[in-house]
Structure formats: C-alpha cells, structure tokens
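Work through these exercises with the model open beside you. Try each task before reading its solution.

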Amino acid sequence: MTKIIGLTGGIGSGKTTLANYIKSLGIPVYIADDEAKKLFLNPIVLQKIKTAFGETIFENNLLSKDRLAKIVFNDTKKLKELNDIIHPAVKAHFENWLKQFSDKPFVVKEAAILFESGSYKDCDVIITVIAPLKTRIERVIQRDQISEDAVLSRINNQWSDEMRIAKSDYIIENNDLSIAKRQLDKILKKMMIH
C-alpha cells in the first residue's frame with residue numbers, strides 16, 4: 001500500500017520549495033494549499049462560503065479573497081468556519097488523487113496546516129520544515145507583498161514549530177536551501193528502503 005509522507009511547516013518555512021524539489025525527483029506530490037485555492041472556484045464551495053460569510057465578501061459575484069482573509073485572519077471562529085468548509089473538500093480531492101498512485105511506494109502531501117486540519121492522522125511519516133522567524137517573515141513579505149503585521153497574524157493562526165516538532169518524525173532546518181535539500185535526500189532514501 002502506498003505510504004503517505006506529510007510535509008508541513010509554518011508559513012515562510014520553505015516547505016513548498018522543498019515539495020517542488022521532491023516533485024522534480026519524480027515523486028508524486030500533492031500541494032494542499034494549491035488544491036484548496038482551486039476549490040474556491042467550485043460552485044458548491046462558493047455557495048457554502050457565501051452562506052457562512054455573506055455577500056459582502058463578493059464583488060461582482062466573484063469572491064474577494066482579500067476581504068475573506070481580513071475576516072478569517074482576525075477571527076479564529078471565522079477561520080474555523082472557513083476551514084470546516086475547505087478541509088473536507090480537500091480531503092476528498094486528495095483521496096481521489098491518491099488512487100492514481102497506488103503503484104508507488106509513497107507520495108508526499110504538503111500542507112501548511114497538516115496538524116490543524118487533522119489530516120496528519122492519514123500520514124505514515126511526517127516531516128516538518130522549520131526556519132528562523134525573521135527569515136520566514138522576510139520570505140512571506142517578499143513573496144506575498146504583505147505587511148509584517150499581516151505575516152505575523154497568519155503565523156499566530158498556525159501551530160508553533162515546537163508543537164509541530166513534537167508530532168513529527170523528521171525535522172528539516174531550512175536556513176540554507178542546499179543544506180535543506182541534502183537533509184531531505186537522506187530522509188527520502190530512508191523511505192525508499194522501508
């Protein structure tokens with residue numbers, strides 16, 4: 001049976017960069033955040049969001065992700081409400097995606113909120129990517145063109161590195177990408193053997 005490796009880390013840790021590196025090695029990788037973003041185009045999901053959050057987050061009948069983000073990243077109850085809509089849809093999508101790789105020894109599921117969503121329970125092995133807070137903040141500001149306060153708000157809505165580390169099988173320190181890739185290669189080699 002195909003094993004599932006969970007790959008997680010806080011915003012700006014570099015987990016998606018490492019996930020893309022794994023993909024380049026020919027290993028199937030599911031990037032949950034990308035799939036969740038696509039689900040925001042699904043009419044059923046959009047209707048549930050409209051019911052939960054109202055018309056004000058829509059502009060010309062299109063979802064305003066900025067308006068939605070302002071609501072959910074400042075209100076943990078609203079964030080949970082959104083996650084209760086998105087997580088089951090991502091889980092179902094992942095299960096369908098997984099079927100096409102039943103002949104593979106393992107696949108990787110990359111998710112920022114692997115623990116928060118509960119999907120870590122479906123993983124056989126969990127790898128957490130960590131990086132210094134200052135580095136993470138700089139990466140996200142550069143990538144998303146948002147303020148430091150906005151980054152910190154998102155960080156504070158995720159589990160801490162300490163919480164992730166306590167539940168992980170492997171930890172990768174991503175201060176330097178080439179070193180992080182070497183750490184990852186060692187872990188993947190172990191996975192190939194087992």
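The exercises below deal with one residue near the start of the chain and with a few salt bridges, all in a predicted model.

**Exercise 1.** Find where Thr-2 sits in the chain, and decide whether Thr-2 is buried or exposed.

Solution.
- Step 1. Locate the residue. Thr-2 belongs to the segment before β1, the strand of residues 3–9.
- Step 2. Read its accessibility. The relative accessible area of Thr-2 is 10%.
- Step 3. Apply the cut-off. Buried means under 20%, so Thr-2 is buried.

**Exercise 2.** Which backbone oxygens does the side chain of Thr-2 reach? List its contacts beyond four places in sequence too.

Solution.
- Step 1. Start with Phe-101. Its backbone oxygen is 3.0 Å from the side chain of Thr-2.
- Step 2. Go on to Lys-104. Its backbone oxygen lies 3.0 Å from a polar atom of the Thr-2 side chain.
- Step 3. Widen the search. Leaving aside neighbours within four places in sequence, Thr-2 touches Leu-98, Phe-101, Ser-102, Asp-103, Lys-104, Pro-105, Phe-106, Val-107 and Asp-124.

**Exercise 3.** How many salt bridges does the whole structure hold? Then examine the pair Lys-38 and Glu-35.

Solution.
- Step 1. Take the total. The whole structure has 11 salt bridges.
- Step 2. Check the pair. The side chains of Lys-38 and Glu-35 form a salt bridge, N to O, at 3.3 Å.
- Step 3. Place both residues. They lie in helix α2 (residues 32–39), 3 residues apart, so about one helical turn separates them.
- Step 4. Add accessibility. Glu-35 has 16% relative accessibility, so Glu-35 counts as buried.

**Exercise 4.** Describe the salt bridge between Lys-134 and Glu-138. Is Lys-134 buried or exposed?

Solution.
- Step 1. Take the distance. The closest N and O atoms of Lys-134 and Glu-138 are 2.8 Å apart.
- Step 2. Place the pair. Both residues are in helix α6 (residues 133–144), 4 residues apart, about one turn of the helix.
- Step 3. Classify each partner. Lys-134, at 60% relative accessibility, is exposed. Glu-138, at 43%, is partly exposed.

**Exercise 5.** Which residues are joined into one network by salt bridges that share partners? Describe the bridge between Glu-95 and Lys-91 as well.

Solution.
- Step 1. Name the members. Shared partners join Lys-91, Glu-95 and Asp-122 into one network.
- Step 2. Take the bridge. The side chains of Glu-95 and Lys-91 meet at 3.4 Å, N to O.
- Step 3. Place the pair. Glu-95 and Lys-91 are 4 residues apart in helix α5 (residues 76–99), so about one helical turn lies between them.
- Step 4. Classify. Glu-95 is partly exposed at 40% relative accessibility, and Lys-91 is partly exposed at 37%.

Notes:
Residues numbered from 1 in each chain as written. Predicted model: local features only at pLDDT ≥ 70, side-chain atom pairs only at ≥ 80, totals over all residues. Heavy atoms only, no water. Helix = DSSP H or I, 4+ residues; strand = E, 2+ residues; numbered from the N terminus. Buried < 20%, exposed > 50% of the residue type's maximum accessible area, 1.4 Å probe, protein only. Polar contact = N/O pair within 3.5 Å; in protein donor to acceptor, adjacent residues only side chain to side chain. Contact = heavy atoms within 4.5 Å. Salt bridge = Lys/Arg side-chain N within 4 Å of Asp/Glu carboxyl O.
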